[in-house]
Amino acid sequence: MRFDIVTLFPELFDPFLKVGVTRRAYTTGQVDVRLWPLRDHADNPYRRVDDRAYGGGPGMVMLVEPLERALAAIRADRADQAPSAPVILFSPAGAPLTQSRVQTLAASPGAILVCGRYEGLDQRFIDRHVDEEVSLGDFVLSGGELPALTLLDAVTRLQPGVLNAAASHEQDSFSDGLLDCPHYSRPETLGGDTVPAVLLSGHHAQIARWRRERQLALTARRRPDLLATARAAGRLSRADEQYLREITL
Ligand code: 9D3
């Protein structure tokens with residue numbers, strides 16, 4: 001799959017693509033990331049790609065013409081690729097990114113990602129070219145680069161061979177939409193704090209039940225919204241429901 005990324009700060013991406021479980025996918029081109037520095041498409045010697053907003057007010061607007069030239073260059077470069085990739089703009093006004101959207105993109109041939117800076121883009125670029133606006137949530141960032149990296153990471157770790165078999169299976173079971181159970185490793189006791197005994201028992205069925213109950217209790221307490229979604233989607237068993245009734249007595 002291929003991602004083309006329009007950005008004022010291409011240098012932010014390089015170090016990120018070289019670390020962790022996702023590195024191999026990027027270096028082999030399994031996930032082909034191509035950066036398109038927006039300033040390369042400026043039409044003035046100062047390489048300016050922003051200007052003041054009509055109507056006044058603070059903050060600059062990203063100019064429509066450099067964005068359109070960058071997009072035309074990408075489309076030309078992708079001419080031999082699979083079906084036309086969607087243009088995704090990262091914007092505080094977008095729909096919050098979800099794992100469901102990530103899964104769909106992970107199974108697709110890729111996308112063209114536009115990273116906003118300043119107050120935002122000239123609306124005419126959005127109206128003409130943007131298929132989808134995506135936000136990371138209700139907090140204020142300086143631009144769309146970290147959201148683009150976030151999307152890349154979420155999509156790339158789902159590619160075949162990136163996670164080991166165990167983690168991939170865990171991935172499937174995360175699709176039940178509950179929070180994870182706590183994890184423990186050595187040492188067995190740490191200044192009097194011991195690992196839950198069941199985890200040392202070797203009783204695999206009891207361990208699985210303990211983990212499931214920790215997931216249910218944690219999700220009920222911290223993210224009742226996720227629990228409600230899991231219930232509505234039929235992802236809770238009779239035993240799950242029984243346990244939840246017990247702990248809410
Ligand atoms: C004064 C109004 N602000 C909107 C909340 C202006 C503004 C803030 C931040 C305009 C652009 C930005 C830059 N943010 C992003 O490009 C961005 C973002 C974010 O700030 N939060 C969560 N997700 C995203 S995706 C892109």
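**Exercise 1. Describe the make-up of the shell around the ligand and where its residues come from.**

The residues of this shell divide into nine nonpolar, seven polar and one charged, where Ala, Val, Leu, Ile, Met, Phe, Trp, Tyr, Cys and Pro count as nonpolar, Asp, Glu, Lys and Arg as charged, and the others, Gly among them, as polar. The structure is a predicted model, in which local features need pLDDT of at least 70 and side-chain atom pairs count only at pLDDT 80 or more, while totals for chains, interfaces and linings use all residues. Residues are numbered from 1 along each chain as its sequence is written, and side-chain values use heavy atoms, with hydrogens and water left out.

Next, turn to the individual residues: of the 17 around the ligand, L136, G137, F139, L141 and G143 come nearest, a residue being near if one of its heavy atoms lies within 4 Å of the molecule.

Then assign them to strands, which are DSSP runs of E with at least two residues, numbered from the N terminus, as helices are runs of H or I with at least four. Both β5 (87-96) and β8 (132-135) supply at least two shell residues each, and β5, with three residues, gives the largest share.

**Exercise 2. Which residues have polar atoms close to a nitrogen atom of the ligand, and how much of the ligand is covered?**

Start with the side chain of S135, which places a polar atom 3.4 Å from a ligand nitrogen. Continue with the backbone, where a polar atom of L136 is 2.9 Å from a nitrogen atom of the ligand, and a backbone N or O atom of F139 lies 2.7 Å from a ligand nitrogen. Finally, consider the area: on its own the ligand has 580 Å² of accessible area, of which the protein covers 72%, as computed by the Shrake-Rupley method with a 1.4 Å probe.

**Exercise 3. Locate two backbone features in the loops.**

For the peptide bond, look at the step from R186 to P187, which is cis with omega near 5 degrees; P187 is found in the loop between α7 (165-174) and β9 (189-190).

For the phi angle, look at R47, a residue other than glycine whose phi is positive, near 60 degrees, and which is placed in the loop between β2 (32-37) and β3 (50-52).

As background, most residues other than glycine have a negative phi, and most peptide bonds are trans.

Notes: Polar contact = N/O pair within 3.5 Å; in protein donor to acceptor, adjacent residues only side chain to side chain.
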